Amino acid sequence: MDTQHTATPHTYEALLIGGRAGVGKTTVAWEVSVLLREEEISHCLVEGDFMDHIHPAPAGDPHRSAITERNLAAVWANYAALGQHRLIYTNTVSVLEAAMVRRAMGGEVPARITGVLLTAGDSAAGSRLAGREIGSQLLPHIERGERMARRLEAEAPPGTVRVATDGRSVADIALEVRRVTGW
């Protein structure tokens, strides 16, 4: 039972975890989920990379934002029908997409959306990616990650909480991210 954090059926909360490739978004989100499960706090987790993995991009949607929103809305509708009101959503640019997430979750209902931008230096992110990317995508991920780190730093909206990941354990990072939400 979710006794500590009760929301009315007409409210929802979202934790948006963003950051460059190799910063640890997915790993941290899973660890936040573990912390919440341990306390029986209801929530669901959506890995945003799977919401727009389509080739070629749909006609008229070159950045795949419309298909992302449609897919997230469909997944969220299923979770909401089961009584969920907390979403953990990971995607590189999720902190820039609060409006899209709000629309996908129903738009008109009261909401609290918290953006967390995980940060890492080039060396740390590159090392993590080298351990993960064993196919042809290591160099493209490193290059895109460096560009995205600059973009996210410049464009993250006010109120976005930055959490450094260099030299820290996943458990420590997850505790900090969870504290930001108040969940």
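How many cavities of 30 Å³ or more does the structure hold? The structure holds 1.

1. A word on the model first. It is predicted, with local features needing pLDDT of at least 70 and side-chain atom pairs counting only at pLDDT 80 or more, while totals for chains, interfaces and linings use all residues. Residues are numbered from 1 along each chain as its sequence is written, and side-chain values use heavy atoms, leaving out hydrogens and water.

2. Now the cavity (on a 1 Å grid over the protein atoms alone, a set of points where a 1.4 Å probe fits but cannot get out; lining residues have an atom within 4 Å of a point). The largest has a volume of about 40 Å³, volume being the space filled by probe spheres set on the points, which are joined across faces, edges and corners. Its lining includes Arg20, Asp122, His141 and Glu146. Helix H4 (122–132) and helix H5 (138–155) are the elements that give two or more residues to this lining; helices are DSSP runs of H or I, at least four residues, and strands are runs of E, at least two, numbered from the N terminus.

3. Next, the largest nonpolar core (buried Ala, Val, Leu, Ile, Met, Phe, Trp, Tyr and Cys residues joined through side-chain atoms within 4.5 Å), where buried means under 20% relative accessible area with a 1.4 Å probe, protein chains only. Of its 21 residues, Leu15, Ile17, Val32, Ile88, Leu118 and Val177 touch the most other members. Helix H1 (25–38) is one of the elements supplying at least two residues, and H1 gives the most, with 5.

4. Ile88 deserves a look: leaving aside neighbours within four places in sequence, its contacts (heavy atoms within 4.5 Å) include Leu15, Val32, Cys44 and Trp183. A second, separate core of 14 residues includes Leu16, Cys44, Val46 and Met105.

Notes
On a 1 Å grid over the protein atoms alone, a cavity is a set of points where a 1.4 Å probe fits but cannot get out, and a pocket is an open set with protein on both sides within 12 Å along at least five of seven lines; lining residues have an atom within 4 Å of a point. Buried means under 20% relative accessible area, exposed over 50%, partly exposed in between (1.4 Å probe, protein chains only).
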